Amino acid sequence: MALSGKIGGLSTQLLKNKTCLLYAATRYASDKERLPWNYLWRAGPHSEKNYDKIAEKYHLHPDDYKPYSKEEGYGDYPKLPMVGPIAKDPYYPYDIPLYKKNYHEPLHIDFELMGEDRYDYGRKHRINPAVAISIFFATIIGLGIIRHLLEPYPTFIPRMEKQYPQKGVVHYTFEPVDSK
């Protein structure tokens with residue numbers, strides 16, 4: 001009984017805010033097709049003309065807009081360079097600092113592959129990754145060859161044989177050594 005009273009009280013509190021209810025009803029009624037919001041940003045059909053309008057759709061300068069080819073099948077979406085967030089300026093005040101991205105900046109088609117926790121596209125390495133991998137494998141192979149060549153010569157820790165107490169044998173004393 002008390003639970004139903006609390007639920008009823010909650011619903012009356014929500015209905016008291018008529019502005020919120022009116023706004024939601026108006027918003028719902030104004031949508032003609034009631035489609036999800038992301039249909040607005042779906043790539044359109046590939047077109048050879050109207051580059052200015054398509055570039056404006058993706059918030060790009062017309063000279064910067066280059067679409068994918070028809071064979072790749074991405075429609076009129078712009079072909080952007082593979083530059084990950086690690087390659088961008090870390091001191092620039094981005095609108096979305098987590099992705100180092102500004103508002104209305106188009107995302108690369110493979111955006112999920114480029115993150116600071118993934119492969120760093122566009123970053124200039126001190127050592128070329130192919131050279132670094134070859135140095136790693138050369139080091140491992142070199143150490144393996146050295147181990148294989150030194151296998152007939154086992155190493156050991158030099159130590160004295162174990163001293164067990166015996167009758168009549170003095171292993172150590174606390175008296176000073178006679179110097180003669």
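His-59 is situated in the loop between α3 and α4 of this predicted model. The phi angle of His-59 is near 55 degrees, a positive value in a residue other than glycine. His-59 is partly exposed, its relative accessible area being 45%. A positive phi, of about 50 degrees, is also found at Lys-100, which is not a glycine either. Lys-100 likewise belongs to the loop between α3 and α4. With a relative accessible area of 10%, however, Lys-100 is buried, because the cut-off for that class is under 20%.

The protein contains 4 helices and 0 strands, and its elements follow the order α-α-α-α from the N terminus. Of its 180 residues, 13% count as buried. Helix α3 covers residues 51-57, and helix α4 covers residues 129-149.

Two salt bridges were identified in a search of the whole structure. One of them pairs Lys-57 with Asp-76, with 3.7 Å between the closest N and O atoms. Lys-57 belongs to helix α3 and Asp-76 to the loop between α3 and α4, so this pair ties together parts that are 19 residues apart in sequence. The partners fall into separate accessibility classes: Lys-57 has a relative accessibility of 34% and is partly exposed, whereas Asp-76, at 4%, is buried.

The side chains of Lys-88 and Glu-105 also form a salt bridge, with an N to O distance of 3.0 Å. Both residues lie in the loop between α3 and α4, so the contact ties together parts that are 17 residues apart in sequence. Lys-88 is partly exposed at 21% relative accessibility, and Glu-105 is partly exposed at 27%. In addition to this pairing, the C-alpha atom of Glu-105 is separated by 8.2 Å from that of Leu-60, a residue 45 positions away along the chain.

A patch of negative charge on the surface is formed by Asp-52, Glu-56, Asp-63 and Asp-64. Within this group, Glu-56 is located in helix α3. The relative accessible area of Glu-56 is 61%, so this residue is classed as exposed, the cut-off being over 50%.

A nonpolar patch of about 1,200 Å² is also present on the surface. Its members are Ile-133, Phe-136, Phe-137, Ile-140, Ile-141, Leu-143, Ile-145, Ile-146, Leu-149, Leu-150 and Tyr-153. Among them, Ile-145 is part of helix α4. Ile-145 has a relative accessibility of 47% and is therefore counted as partly exposed.

For residues 130-150, an unreviewed UniProt entry lists the feature "transmembrane region"; such an annotation may be inferred rather than shown by experiment. In the predicted model, this span is 95% helix and 0% strand, and its end C-alpha atoms lie 30 Å apart. Ile-145, a member of the nonpolar patch, falls in helix α4, which comprises residues 129-149.

Terms used. Residues numbered from 1 in each chain as written. Predicted model: local features only at pLDDT ≥ 70, side-chain atom pairs only at ≥ 80, totals over all residues. Heavy atoms only, no water. Patch = residues over 30% accessible without salt bridge, like charges linked within 9 Å, V, L, I, M, F, W, Y side chains within 5 Å. Areas by Shrake-Rupley, 256 points an atom, 1.4 Å probe, with all protein chains shown as cover. Salt bridge = Lys/Arg side-chain N within 4 Å of Asp/Glu carboxyl O. Lys, Arg positive; Asp, Glu negative; His and termini not counted. Charge placed at Lys NZ, Arg CZ, Asp CG, Glu CD. Helix = DSSP H or I, 4+ residues; strand = E, 2+ residues; numbered from the N terminus. Buried < 20%, exposed > 50% of the residue type's maximum accessible area, 1.4 Å probe, protein only.
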